[in-house]
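Here's a quick briefing to read alongside the coordinates. It goes topic by topic, starting with the aromatic residues.

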Amino acid sequence: MDNILLKKFIIDGGRQKNNCIDGYVVMLDQEKAYDRVDWGYMYRCLTKMGIGTGFTRYLKAIYTGAKTRVKINGGLTEPMEITRGLRQGDPLSPLLYNIVIEPLLVYLRAMLKGLKTTGLKFRTSAYADDISVGISDKDDADILEMGLELHCKASNARVNRGKTLAISIGKPSAIDGFYSVLDKEANFRYLGITFNSYGINQKFMEDKLLSDIDAKVKILSKRHLSISGKVLLTNTLLLSKVWFSAQVIPFGKHFRDKLKRIVKNFIWNGKKSRIGI
């Protein structure tokens, strides 16, 4: 949530009349970020960061020698040894990835001028493999490209240049880079929240949430559910995204009324509710 609010703060700051923020926020798209991690690089990062040899030894025991088979046309291939990558679904994997990506972030924090905002300089923020970088001029763009090249060579990572996007903040000068600059009106999603160059696109978010919830209600309404079952599904399945988005979006009365109507109709089958909602 901190990263979402920081992105909103930077975009809003670029729209102020006395704005001193001019540059770009580059959102890196990494190709199969977890699958491409080189184990040798990961072990060296652990050592450099002072992680004990005992932990590293246990980690090597977990990863070394693992094999997999691929099912093709109903048959299985011969076992193949896995030699790189972090395991999907393993609670340890995000923490290991944080360690692998940290050298790149340290380099960018030290070398970039970044975007100067009120009270701070934005250089980079990261949530797992969702990485944003603030650049102010051509020198910053060259430093970013050099840092990514070094990181990719060391860790076996690969940046998907075709999907890496940048949003303009303030009135920056044009900078040639490997990223595509979004149009002012174009939407982009960041950690589940839809933005454009003017900030959070609240109308789009409200319409999308209502549409998604209404579609799920139509599917669930075909099942024979008890009232308690419907209440449970409402809180866990239907409204979970609303609770998350409500931390950064002040939903209007029109949205709240429509949402209330959808939920009431789902729980009471379109009849008058027996208790107030």
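**Aromatics, strands and cores**

W39 and Y63 are both buried. Keep in mind that this is a predicted model. Those two residues make a handy way in, and the rest is grouped below.

**Aromatic pairs**

- Across the whole structure, a search turns up 6 aromatic pairs.
- Take W39 and Y63 to begin with: their ring centres are 5.3 Å apart and the planes sit at 70°, so this pair counts as edge-to-face.
- W39 belongs to helix α2 (residues 39-48) and Y63 to helix α3 (residues 53-63), so the pair ties together parts that are 24 residues apart in sequence.
- F188 and F195 are another pair, with ring centres 5.6 Å apart and planes at 15°, so they are stacked.
- Are F188 and F195 buried or exposed? F188 has 5% relative accessibility and F195 has 0%; the cut-off for buried is under 20%, so both count as buried.
- There's also an aromatic cluster, made up of Y24, F178 and Y179.

**Charges over rings**

- K60 puts its charged end over the ring of Y43, 5.0 Å from the ring centre.
- K230 has its charged end over the ring of F266, and here the distance to the centre is 5.7 Å.

**Strand β9 and its partners**

- Strand β9 covers residues 130-135, and 5 of its 6 residues are buried, so the strand is largely enclosed by the rest of the structure.
- Strand β1 (residues 23-28) runs antiparallel to β9, and 5 bridges join them.
- One of the β1 residues to look at is L28, whose bridge partner in β9 is I131.
- Strand β8 (residues 124-127) is also antiparallel to β9, joined to it by 4 bridges.
- Which residue of β9 is the bridge partner of Y127? That's D130.
- The hairpin of β8 and β9 has 2 residues between the strands, and A128 in this hairpin takes a positive phi near 55°.

**The β12-β13-β14 sheet**

- This is an open sheet of 3 strands, in the order β12-β13-β14, and the pairing is antiparallel.
- β12 (188-190) and β14 (199-200) stand at the edges with a single partner strand each, so each has one side without a neighbour in the sheet.
- Between β12 and strand β13 (residues 193-196), the antiparallel pairing runs over 3 bridges.
- Y190 has I193 as its bridge partner in β13.

**Nonpolar cores**

- How many residues are in the largest nonpolar core? There are 38, and those with the most contacts inside the core are M42, L86, V133, I135, L144 and Y179.
- At least two residues of this core come from each of β1, α2, α3, α4 (93-111), β9 and α5 (138-155).
- α4 gives the largest share of the core, with 8 residues.
- Leaving aside residues up to four places away in sequence, I135 touches G23, Y24, V26, L112, L115, D140, A141, L144 and Y179.
- A second core, separate from that one, has 34 residues, and V25, V217, V248 and W268 are among them.

Notes
Residues are numbered from 1 along each chain as its sequence is written. This is a predicted model: local features need pLDDT of at least 70, side-chain atom pairs count only at pLDDT 80 or more; totals for chains, interfaces and linings use all residues. Side-chain values use heavy atoms; hydrogens and water are left out. Buried means under 20% relative accessible area, exposed over 50%, partly exposed in between (1.4 Å probe, protein chains only). Two strands pair if DSSP finds at least two bridges between them. Rings of Phe, Tyr and Trp (its six-membered ring) pair if their centres lie within 6.5 Å; planes under 30 degrees apart count as stacked, over 60 as edge-to-face and the rest as tilted. A charge sits over a ring if NZ of Lys or CZ of Arg is within 6 Å of the ring centre and within 35 degrees of the ring normal. A nonpolar core is a set of buried Ala, Val, Leu, Ile, Met, Phe, Trp, Tyr and Cys residues joined through side-chain atoms within 4.5 Å. Contact means heavy atoms within 4.5 Å.
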